[in-house]
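Me: Please examine the structure shown below, and let us discuss how its elements are arranged.

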Amino acid sequence: MVEYRAGQLDAVYAAISHPVRRSLLERLRPGDARVTELAAPFSMSLAAVSKHINVLESAGLVRRTVHGREHQLALEASPLMTAASWLDRYRRFWEDRLDLLEARLRTEGPR
């Protein structure tokens, strides 16, 4: 089981709760990008996109490198693995419940 800190897990789930932030992470999946490149497709100000990026950084999902005036961002996916591992425990719970339901339906047969 992957260990996690409750605060980090909360920050990750809060960060991915917004569609703009999920889109930013998706755009970083193929590789690093400049902030201006990430902001281009959104109909919001660069300042607004930067606020979303700051939430992702606080959650540990994005790493920023600054070269002069250029800010380069990279995806840090390991916190997502921790969040997925935590959620996976509940997937197994529901699969077990569905297996029990299937077994019961098979033994009772059609009505």
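Me: Which residue in β3 does Val 62 stand opposite?
Reply: This is a predicted model, in which local features need pLDDT of at least 70, side-chain atom pairs count only at pLDDT 80 or more, and totals for chains, interfaces and linings use all residues. Residues are numbered from 1 along each chain as its sequence is written, and side-chain values use heavy atoms, with hydrogens and water left out. β2 and β3 (residues 70-75) pair in the antiparallel sense over six bridges; strands (E, at least two residues) and helices (H or I, at least four) are DSSP runs numbered from the N terminus, and pairing requires at least two DSSP bridges. Across from Val 62, in β3, stands Leu 75.

Me: Which strands stand at the edges of the sheet, and why is one side of each left without a neighbour?
Reply: The open sheet has three strands with antiparallel pairing, in the order β1-β3-β2. Each edge strand has a single partner, so one side lacks a neighbour in the sheet; these strands are β1 (33-34) and β2 (62-67).

Me: At what angle does helix α2 run to β3?
Reply: Helix α2 (residues 19-28) lies across β1, β2 and β3, where contact means heavy atoms within 4.5 Å. Angles run from 0 to 180 degrees between N-to-C directions, with axes fitted to C-alpha atoms, for helices over the stretch in contact. Relative to β3, α2 runs at about 90°.

Me: Which strands does helix α4 touch?
Reply: Helix α4 (residues 46-58) packs on the sheet, and its direction makes about 115° with that of β2. The strands touched by α4 are β2 and β3.
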